[in-house]
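Trainee: Could you take a close look at the salt bridges with me? I'd like to see how they sit in the chain as a whole.

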Amino acid sequence: MRDIVEVEEVVLLAEDGTPVGTAPKAGVHTEHTPLHLAFSCYVFDDDDRLLVTRRALDKRTWPGVWTNSACGHPAPGEEIEDAVRRRLDTELGLMVDRVWPILPDFRYRAVMPNGIVENEICPVFRAAVPSGTVPDPSPDEVAEVKWIPWADFSTRVLSGDFDVSPWCRLQVEQLAERDTSTWMP
């Protein structure tokens with residue numbers, strides 16, 4: 001079941017990561033985006049294939065760009081693992097029982113050509129689904145999906161052959177240094 005949130009809020013953070021308030025998501029991503037809490041998730045199947053997504057064309061930040069499986073923001077008071085599961089359901093129609101951190105301290109800042117800024121403390125998670133799982137992407141969030149073997153994806157991203165969101169590239173740079181089998185709990 002896909003949840004629809006009337007006014008999505010994000011958790012604003014101090015430089016040390018301490019929550020300092022909330023703000024409506026719709027007004028946060030500007031040329032002066034405050035530091036806020038987000039997350040990224042990489043969904044793998046049993047064959048070590050990664051589900052990559054192309055962001056919907058009307059997204060405010062990086063529309064139409066390929067990226068990791070799902071991204072989002074935990075609601076105020078929401079456990080981040082619950083938020084990851086919620087977004088996997090909302091964006092991709094995927095129900096997962098467990099998610100686990102693989103880059104718990106990831107943080108980035110990126111500026112789009114039009115000046116809009118992403119400024120996030122963004123823990124990165126992994127989720128697993130059985131091979132043969134077929135996502136049901138929400139067209140408001142996702143324009144396209146495809147499964148790519150992790151080795152191929154990471155090699156292509158690092159070589160510049162596969163253009164992805166700036167956060168995804170930075171995450172892949174860190175994740176490529178690790179054996180994916182170490183990403184399991």
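Mentor: Let's start with the chain, then go through the charged pairs, and finish with two unusual backbone angles.

A word on the ground rules: this is a predicted model, so local features need pLDDT of at least 70 and side-chain atom pairs count only at pLDDT 80 or more, while totals for chains, interfaces and linings use all residues. Residues are numbered from 1 along each chain as its sequence is written, and side-chain values use heavy atoms, with hydrogens and water left out.

The chain has three helices and 12 strands; these are DSSP runs numbered from the N terminus (H or I of at least four residues for helices, E of at least two for strands). The radius of gyration is 15 Å, close to the 16 Å that the globule rule gives for 185 residues, so the chain is as compact as a globular protein of that length. That radius is taken over C-alpha atoms, and the rule is 2.2 Å times the number of residues to the power 0.38. Along the principal axes, the C-alpha atoms fill a box of roughly 40 × 35 × 30 Å. Buried residues make up 50% of the 185 (buried is under 20% relative accessible area, exposed is over 50%, partly exposed is in between, with a 1.4 Å probe and protein chains only).

Now the charges. There are 18 positive and 32 negative side chains, and the centres of the two sets lie 3 Å apart. Here Lys and Arg count as positive and Asp and Glu as negative, leaving out His and the chain ends; each charge is placed at NZ of Lys, CZ of Arg, CG of Asp or CD of Glu. Side chains of opposite charge can pair when their charged atoms come close. Count a salt bridge whenever a side-chain nitrogen of Lys or Arg is within 4 Å of a carboxyl oxygen of Asp or Glu, and you get 11 of them.

Two of these pairs sit within helices. In helix α1 (residues 80-92), Asp82 and Arg85 are three residues apart, which puts about one helical turn between them, and their side chains meet at 2.4 Å, N to O. Asp82 is partly exposed at 37%, and Arg85 is partly exposed at 25%. Helix α3 (residues 166-175) holds Arg169 and Glu173, four residues apart and again separated by about one helical turn; their closest N and O atoms are 3.4 Å apart. Arg169 is partly exposed at 30%, as is Glu173 at 32%.

Another bridge joins Arg49 to Asp45, with the closest N and O atoms 2.8 Å apart. Asp45 is buried, with a relative accessible area of 4%, whereas Arg49 is partly exposed at 26%. There's also a network of salt bridges linking Lys59, Arg87, Glu91 and Glu141.

Now for those backbone angles. Most residues other than glycine have a negative phi. Asp48 has a positive phi of about 60 degrees although it is not a glycine. Asp48 is in the loop between β4 (39-44) and β5 (49-55), and is partly exposed at 29%. Trp62 also has a positive phi, near 50 degrees. You'll find Trp62 in the loop between β5 and β6 (66-67), and at 12% relative accessibility this tryptophan counts as buried.
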